[in-house]
Number of protein chains: 2
Amino acid sequence: MAAVSIRDVAQHAGVSVGTVSNVLNRPGEVSAESVRRVQEAIEVLGYVRNDAARKLRAGVSTTVGFVVLDGQNPFFGDVVRGAEDEGSKSGIAILYGNTDEDPKRERMYLDLFEEQQVRGVLISPYGDINPRLERLRSRGIAAVLVDRFSGDGRFSSVSVDSVAGGRMAVEHLIATGRRRIAFVGGPFEMRQVTDRLAGARAAAENAGEHIDLEVVATDALTVADGAAAGARIIARPRSQWPDAIFAANDLLALGLLQSLIVDGRVLVPDDIALIGFDDISFAAAAAVPLSSMRQPSRMIGRTALRILLEETADPELIPRQTVFQPELVVRASTTPRR
Amino acid sequence: MAAVSIRDVAQHAGVSVGTVSNVLNRPGEVSAESVRRVQEAIEVLGYVRNDAARKLRAGVSTTVGFVVLDGQNPFFGDVVRGAEDEGSKSGIAILYGNTDEDPKRERMYLDLFEEQQVRGVLISPYGDINPRLERLRSRGIAAVLVDRFSGDGRFSSVSVDSVAGGRMAVEHLIATGRRRIAFVGGPFEMRQVTDRLAGARAAAENAGEHIDLEVVATDALTVADGAAAGARIIARPRSQWPDAIFAANDLLALGLLQSLIVDGRVLVPDDIALIGFDDISFAAAAAVPLSSMRQPSRMIGRTALRILLEETADPELIPRQTVFQPELVVRASTTPRR
DNA sequence: AAAACTTTATGAATCGATTCAGGCTCGATT
DNA sequence: AATCGAGCCTGAATCGATTCATAAAGTTTT
C-alpha cells in the first residue's frame, strides 16, 4: 500500500531520481546538502529500497545460497553460523537449503538459487554436481565447496583434511593399544566418508604390526544409523567384537555409544573404545565424553563465504583449495581409567 | 553471458512474449501446440526465469524469511527443517537469519527481509518486535511468531504451551519426591523463560505441601551458561543444594549435567534430579539420559509456514494461535535406580 | 577574459517478466 | 448473410532502481 519509491523520495527532497540513487550508492559524488535532504526524505517517508528492482537493473544480488548436507547435524549449524557472521558484515543474507543427502533436493535448491540469481552458492555436495555448478558459473554464479575438497580444482573449496583426520583418529586408537578396529560410516558416495576411511586404512597399514580394520556400512550419518550399527555389532559373539570403533562422524558415534552402553552390556572405553569426527558441542556432554576429530566449523563457514565474495568480485581469480587440519580431542571414550 | 530472456524464447518458438509468459503461468489458456513449442525452446535455450523481474512486476516473492533465536540449538534446526519441508512443496525457499538473542541482529534481519520483499516472515522473537512486524504488515509482509504465543492476538503464532510444560516438569519432580527445586534459566526478557518459570511456580504452589522453588538466573540458554550455573550451585555447602533442577531448555540442562557430574561430585539423579525442555535429539544420548519436555519441533515449523502461506494468500484471515502441548519424556536423569 | 576542467545534477533508457486491452479466426446462432 | 462469442494470440505499458550521456554551475589555468 505505502509503496514509497525512489521517485517519491526524489520529489520530497526536491532532487532527481538519479541523485537519490547516487546518495544511496555513491554518496561521495553528491553534495553534502543533497545527501542531507535525501536522507531526511527517506526518513520521513519511510522509504525502503526495492531489492528486486535493484537486482534486475544492476544485476547484483545480496543473497548467497547455502546448500547443506544435513541440517540436523550441529556441525553444519556451526558452519552456517560462520558464513552468516561473515555475510552480515556486508549485508549478505543466506538462502538456506537442506538436502538431507538427497540428490533431488540438491538439484531443486540449485534450480531455485539460479532463478533467484544469488550472488553465489556455498555447497556441501552429496553427489557429483560439477556439471550443475559449471552451468551456474556460466551464468555468473560462483560456487565454493564446503567440507569437501575439490579434487580437480575447478572450484574453490574449504574443507578439513579428512584423510589426515582419519589417520590421526586410528593412530590414536592404535597408540592406546587397540588392534581390532571397526570403521562405521556410509554411504560411500560421500567423499567425507571414503576419505576418512582411506586415512584409517593408511594408519592401519603403517602401524608396523597387524591391525584388523573392518568396515561397518551405514545408510546415513545419523544418530539412528549409529545406534543400529551398534546393535548389529554387539549382537555378535563377544569374541568377534572390535576393541575400538572409529565413527565417520559424531552423530554416528553418539548413536553407537547409546546402543553399546545400554543396560551396561559394553564398557566404553574398556571393552570398546570409540572416537568420532567433527567434535560437535554435544560430544563433550555424552554419556561417556566422546573423543573426536575437531573441525574448525565456524571458521570453515566464514572462510568459505569470504572466498565466495572475493571470487564474485573478481571472476578471474583462480580457484583455491583451503584445507584446515583437524585436531585430535581426547576424552574418556578412548582413555580407560586405570 | 548467456542471459536468455523470455524474448529469446518467444523468438525461438515463434510466438510472442505474452504467450511464453502464459505458458509459464497459466498453461491452460494456451493451445497445446504453443505450449509444446515454448517448452522446447525453453529446453533448447536453457532458459531460466528471472526471479527479480518477476518479483518486481508481479509483486510475488518465492522466499520466506526465518529469524531464529539461537541457531546453535538443535531445536531450532528441527523447526527450520519443518518449515523448509513445507516450503519446498510450493517452491518456497528460506532466507535464514540467526539473531543469537541480539536485538540488533534481529532488527538487521527484519530490515533485510523488508528490502527483499519476502513473502512473509517466520520469527522466534527475542524482545518486543510487534511495532516492527506491524510495519512489515503494512507493506504486505505477513509474519507468524514461532515458539512464542502472541498474547495480544495481533499475529498468528505457533508455539508450545510453555506454562503447561513448566508445570508438568515440576509436577513430575514433585511426584518423584523432590522438594527443593531450582529453576535455572534466563534471560527473563525471553517469554519462553518466564512462561516456563510461571508454570513451575504454579506446580509448586498447588503441590499441597511446601515446595522450595529457587531461581538461578543465566545470561543465555547455552551449554556454557548451564555449566556455569551448575558450578555455582555445587560451590555451595551441600546442605544448600537443591534436590532437583528444572532447566529452561536442554542446552542448559546438558551444561548443568556436565558440571554436576564432573569428578563424580554429584550423583544425578540421586543427589540432584534434572529435567530440561525441548527434548533435542542429544538429550537421550547424554551422560545421564536427560528427562525433558518434548516439543513437536518439526511440526511447529511446518505449521508455521503453512499458516504464513495461507495468510499471504488471503490477508483478511484473522490471526490464530496454534498451541501444541508438550510431552513429558522421562529418562534416567529423574528416575533414581533403586 | 577565454579556455579547460571539476563538480554536481538531470532524466530518459534500461533490465526482464507480467498484464491486459485489443485483434484475429472460426464455428455457432439468429 | 450478418452477428456473436469462444479461443488464442499479440505487443506495448508497467514495476522501481540504476546508469550514463548531457548539461549547468563553479573553479582553475593560461
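Axes of helices are lines fitted to C-alpha atoms over the stretch in contact, and the angles between them run from 0 to 180 degrees between N-to-C directions. The views below show a predicted model.

**Figure 1. Helices α10 and α11 of chain A pack against each other at an angle of about 45 degrees.** Helix α10(A) spans residues 223–234, and helix α11(A) spans residues 250–261. Their axes lie 6 Å apart. Angles under 35 degrees count as roughly parallel and those from 65 to 115 as roughly perpendicular, so α10(A) is oblique to α11(A). The crossing of these two helices is right-handed. On the side of α10(A), the contact involves A:V223, A:D225, A:G226, A:A227, A:A229, A:G230, A:A231 and A:I234. These residues meet A:L251, A:L252, A:G255, A:L256, A:Q258, A:S259 and A:L260 of α11(A). By class, the contact of α10(A) with α11(A) comprises nine nonpolar residues, five polar residues and one charged residue.

**Figure 2. Helices α6 and α7 of chain A pack at an angle of about 0 degrees.** The view shows α6(A), residues 103–116, and α7(A), residues 130–138, whose axes are 11 Å apart. Angles under 35 degrees count as roughly parallel, and α6(A) and α7(A) are therefore roughly parallel to each other. Helix α6(A) contributes A:R107, A:L110, A:D111 and A:E114 to the contact, while α7(A) contributes A:R132, A:R135 and A:L136. Five charged and two nonpolar residues make up the contact of α6(A) with α7(A), with no polar residue among them.

**Figure 3. DNA strand C is surrounded by 24 residues.** The closest are A:S34, A:R57, B:I6, B:R26 and B:Y47. Sugar or phosphate accounts for 66% of the atoms of DNA strand C within 4 Å of the protein, and bases for the rest. Two residues of chain A place a polar side-chain atom 2.8 Å from a phosphate oxygen of this strand: A:T19 and A:S31. A base is also approached, for an N or O atom in the side chain of A:R57 is 2.7 Å from a base oxygen of DNA strand C. Two or more residues of the surface near this strand come from each of α2 and α4 of chain A and α1 (6–13), α2 and α4 of chain B. Helix α4(B) gives the most, with four residues. The surface near DNA strand C has eight nonpolar, ten polar and six charged residues.

**Figure 4. DNA strand D is surrounded by 25 residues.** The closest are A:I6, A:R26, A:Y47, A:R54 and B:S34. Of the atoms of DNA strand D that come within 4 Å of the protein, 65% belong to sugar and phosphate. A polar backbone atom of A:I6 is 2.4 Å from a phosphate oxygen of the strand. From chain B, a backbone N or O atom of B:S16 lies 2.8 Å from a phosphate oxygen of DNA strand D. The side chain of B:T19 likewise has an N or O atom 2.8 Å from a phosphate oxygen of this strand. At least two residues of the surface near DNA strand D are supplied by each of α1 (6–13), α2 (17–25) and α4 (51–58) of chain A and α2 (17–25) and α4 (51–58) of chain B. The largest share, five residues, comes from α4(A). By class, the surface near DNA strand D has nine nonpolar, ten polar and six charged residues.

Terms used
Residues numbered from 1 in each chain as written. Chains lettered and ligands numbered in written order. Predicted model: local features only at pLDDT ≥ 70, side-chain atom pairs only at ≥ 80, totals over all residues. Heavy atoms only, no water. Near = heavy atom within 4 Å. Polar contact = N/O pair within 3.5 Å; in protein donor to acceptor, adjacent residues only side chain to side chain. Nonpolar A, V, L, I, M, F, W, Y, C, P; charged D, E, K, R; others polar. Parallel < 35°, antiparallel > 145°, perpendicular 65-115°, else oblique. Left-handed = near helix turned anticlockwise from the far one by under 90°. Contact = heavy atoms within 4.5 Å.
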